[in-house]
Amino acid sequence: MWIFLGSECLFFGSLIATYLIFKGEIQLPPFPSDTIVATADLEAALHSGALEEVAAEHCESIGGGQSECAGILDIPLTSQSTFVLLMSSVTMVLAVFGAQYGRPRMMKGWLLATVLLGLVFLGYQVFEFRTFGQEGLTLATNQFGASFFVLTGLHGTHVAVGVVILASLLLGSFRRTGLGAEPGFQVEMAGLYWHFVDVVWIVIFTIIYLIPA
Amino acid sequence: MTMHAEHEVEEQHGLQPMQYVWIGVALTIITVVELAASLGPDLGHALIPILIVLSVVKFIVVVAYYMHLRFEHPLLWQAFAGSLALGVFVVIALITLFWTDITDVI
């Protein structure tokens, strides 16, 4: 599992590098954070069809031939989802403890909590993606949109796979034979994957949402 | 196995539940500090290093204690650290290669 997680470091590393390269190269909205642009450039892009009207609605003239465009990233909202994922790591490690020290009720309870928190996180992601789509940011909008959705979308996919794995373990624990001879090992392996997903989000949250463009 | 031996096993392979909870509290506090640094007063050029350091601290804490790497055989953390170092190298290499090209175009 550690070798697999090492390969995942390379995988997400390349995606994060791509995002960092494109993050500061956006010429037109939607921008990740509040940005000032030339009004003439905005109007020219709108008339030529290079800019969607919905994206232009987030900009307002501030005089001097410039417009301020509101950033599309919602840090307070994403902070909540970050807290949810962080708490899911706490519940996951408690589930591993329960599995390793022969406390099946403890394991099942905290596994259920982890699954639910993972689903809540995915709900936040879906809401964010839909909101961005309505505000004019899609995979095809610009390089920022493409790199953002690929990076966070693939992370979300990893979270979804993790939820499936944990739900499978939870259901399996209700069988007459439980999780077999080594429940601690199985839950620990799933825990390693889940914690790694959380660790990747720590990096993604910092790079995408906290560090300004 | 005696009670003392069982306790020794627990000490070697991880922490107690409340310790994990307190680590979670600490991680939450660090996240709040990151948010305050990002959304609060203008820290100028100090903002990015502060955020990176705090993220690295969270990363190490989760890997060491939640993923139990601190209590595992050295070969495991060496394997993971090697892959992580290679991943960081890939990030730096890609940024160095392609950032230069984009700034030339602008």
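## Exercises on a predicted two-chain model

**Exercise 1. Which residues does A:Val93 contact, leaving aside its neighbours within four places in sequence?**

Step 1. The model is predicted. Apply the contact cut-off: C-beta atoms within 7 Å.
Step 2. Leave out neighbours within four places in sequence; A:Val93 is then in contact with A:Gly191, B:Tyr20 and B:Tyr66.

**Exercise 2. Place A:Val93 in the largest nonpolar core and find which elements build that core.**

Step 1. The core holds 58 residues. A:Val93, A:Ala95, A:Leu111 and A:Leu166 touch the most other members.
Step 2. List the elements giving two or more residues. Chain A offers α1, α4, α5 (104–134), α6 (143–172) and α7. Chain B offers α2 (17–39), α3 (47–66) and α4 (74–105).
Step 3. Find the largest share: α7(A), with 16 residues.
Step 4. Check for another core. One of 10 residues lies apart, with A:Leu28, A:Cys59, A:Ile72 and A:Leu137 among its members.

**Exercise 3. Compare the span of α7(A) with its expected value, then explain why the helix is largely enclosed.**

Step 1. Helix α7 of chain A covers residues 183–210, 28 in number.
Step 2. At 1.5 Å a residue, 40 Å is expected; the first-to-last C-alpha reach is 39 Å, close to that.
Step 3. Of the 28 residues, 21 are buried, so the rest of the structure largely encloses α7(A).

**Exercise 4. Describe the side of chain A that touches chain B.**

Step 1. Count: 34 residues of chain A are in contact with 36 of chain B.
Step 2. Assign: α1 (2–23), α4 (75–100) and α7 of chain A each supply at least two residues of this side. The largest share, 13 residues, comes from α1(A).
Step 3. Classify chain A's side: 23 nonpolar, 9 polar and 2 charged.

Note on methods. Residues numbered from 1 in each chain as written. Chains lettered and ligands numbered in written order. Predicted model: local features only at pLDDT ≥ 70, side-chain atom pairs only at ≥ 80, totals over all residues. Helix = DSSP H or I, 4+ residues; strand = E, 2+ residues; numbered from the N terminus. Expected span 1.5 Å × (residues − 1). Buried ≥ 20, exposed ≤ 12 C-beta atoms within 10 Å, placed from the backbone. Contact = placed C-beta atoms within 7 Å. Nonpolar A, V, L, I, M, F, W, Y, C, P; charged D, E, K, R; others polar. Core = buried A, V, L, I, M, F, W, Y, C linked by C-beta atoms within 7 Å.
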